[in-house]
Amino acid sequence: QVQLVESGGGLVQPGGSLRLSCVVSRNIFAIYTMGWYRQAPGKQRELVAAITNGGRTNYADSVKGRFTISRDNAKNTVYLQMSSLKPEDTAVYYCNADPPVLAWSSYWGQGTQVTVSS
């Protein structure tokens, strides 16, 4: 059983920063692409950022220049550093492990709430 456990969410003022972490319980980390998604109330879940096992990154246009995704393969952990946060970044953030083979399983964390408000 693969588990993804997120942490680091919370309440922050506009312009502030937060760092999310996601620890993967099994050693799939080295070959999976890791991603962060978010879902705001009444909206569809959307990709925020992703990083391949080779370190190639991809960002949603709305977060480029403000968010940074990184991974520590030795710790089976992926991070999302969020800066210059805006109220529209408020959402539940989910960690995702995307397999290199379509037939393999994809995994999701339980989500962590990020609220940007004054």
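Visitor: With which side chain does the side chain of Asp 89 make a polar contact?

Guide: In this predicted model, the side chain of Asp 89 makes a polar contact with that of Arg 66, at 2.8 Å. The two side chains also meet in a salt bridge, with 2.8 Å from N to O.

Visitor: Where in the chain do Asp 89 and Arg 66 lie?

Guide: Asp 89 belongs to the loop between β8 and β9, whereas Arg 66 belongs to the loop between β6 (57–59) and β7 (67–72). The pair therefore ties together parts that are 23 residues apart in sequence.

Visitor: And is Asp 89 buried or exposed?

Guide: Asp 89 counts as buried, because its relative accessibility is 1%. Arg 66 is also assigned to the buried class, at 11% relative accessibility.

Visitor: Which network do the shared salt-bridge partners form?

Guide: Arg 38, Glu 46, Arg 66 and Asp 89 are joined into one network by salt bridges that share partners.

Visitor: What about Arg 38, then: how far apart are the closest N and O atoms in its salt bridge with Asp 89?

Guide: The closest N and O atoms of Arg 38 and Asp 89 are 2.9 Å apart. This salt bridge links distant parts of the chain, 51 residues apart: Arg 38 is in strand β4, and Asp 89 is in the loop between β8 (77–82) and β9. Both residues are buried.

Visitor: Which residues does Asp 89 touch, leaving aside those up to four places away in sequence?

Guide: With those residues not counted, Asp 89 touches Arg 38, Arg 66, Phe 67, Ser 84, Val 114 and Val 116. Arg 38 and Arg 66 thus appear in this contact list, and each also forms a salt bridge with Asp 89.

Visitor: How many salt bridges does a search of the whole structure find?

Guide: The search finds four salt bridges. One of them is formed by Lys 64 and Asp 61, whose closest N and O atoms are 3.1 Å apart.

Visitor: Are Lys 64 and Asp 61 buried or exposed?

Guide: Lys 64 and Asp 61 are both exposed. Arg 38 and Asp 89, by contrast, are both buried.

Visitor: Changing topic: how many aromatic pairs are there in the whole structure?

Guide: A search of the whole structure gives three aromatic pairs. One of these is the stacked pair of Tyr 32 and Trp 104, with 6.5 Å centre to centre and 25° between the planes. Tyr 32 lies in the loop between β3 (18–24) and β4 (33–39), and Trp 104 lies in the loop between β9 (91–98) and β10 (107–108). The two residues are 72 residues apart, so this pair links distant parts of the chain.

Visitor: Which accessibility classes do they fall into?

Guide: Tyr 32 is buried, with a relative accessible area of 4%. Trp 104 is partly exposed, with a relative accessible area of 41%.

Visitor: What is the geometry of the pair formed by Tyr 37 and Trp 108?

Guide: Tyr 37 and Trp 108 form an edge-to-face pair, with 4.9 Å centre to centre and 65° between the planes. Tyr 37 is in strand β4 and Trp 108 is in strand β10, and the pair links these distant parts of the chain, 71 residues apart. Tyr 37 counts as partly exposed at 22% relative accessibility, and Trp 108 likewise at 38%.

Visitor: Which residues make up the aromatic cluster?

Guide: Tyr 32, Trp 104 and Tyr 107 form one aromatic cluster.

Visitor: Over which rings does the charged end of Arg 45 sit?

Guide: The charged end of Arg 45 sits over the ring of Tyr 94, at 3.7 Å from its centre. That charged end also sits over the ring of Trp 108, at 4.7 Å from its centre.

Visitor: Last topic: which cysteines form a disulfide?

Guide: Cys 22 and Cys 95 form a disulfide, with their sulfur atoms 2.1 Å apart. The count for the structure comes to one disulfide. Cys 22 is in strand β3 and Cys 95 in strand β9, so to speak distant parts of the chain that the pair links, 73 residues apart.

Visitor: Left-handed or right-handed?

Guide: The link of Cys 22 and Cys 95 is left-handed, with -85° about the S-S bond. Both Cys 22 and Cys 95 are buried.

Methods: Residues numbered from 1 in each chain as written. Predicted model: local features only at pLDDT ≥ 70, side-chain atom pairs only at ≥ 80, totals over all residues. Heavy atoms only, no water. Phe/Tyr/Trp six-rings, centres within 6.5 Å; stacked < 30°, edge-to-face > 60°. Helix = DSSP H or I, 4+ residues; strand = E, 2+ residues; numbered from the N terminus. Buried < 20%, exposed > 50% of the residue type's maximum accessible area, 1.4 Å probe, protein only. Lys NZ or Arg CZ within 6 Å of the ring centre and 35° of its normal. Polar contact = N/O pair within 3.5 Å; in protein donor to acceptor, adjacent residues only side chain to side chain. Contact = heavy atoms within 4.5 Å. Disulfide = S-S within 2.5 Å.
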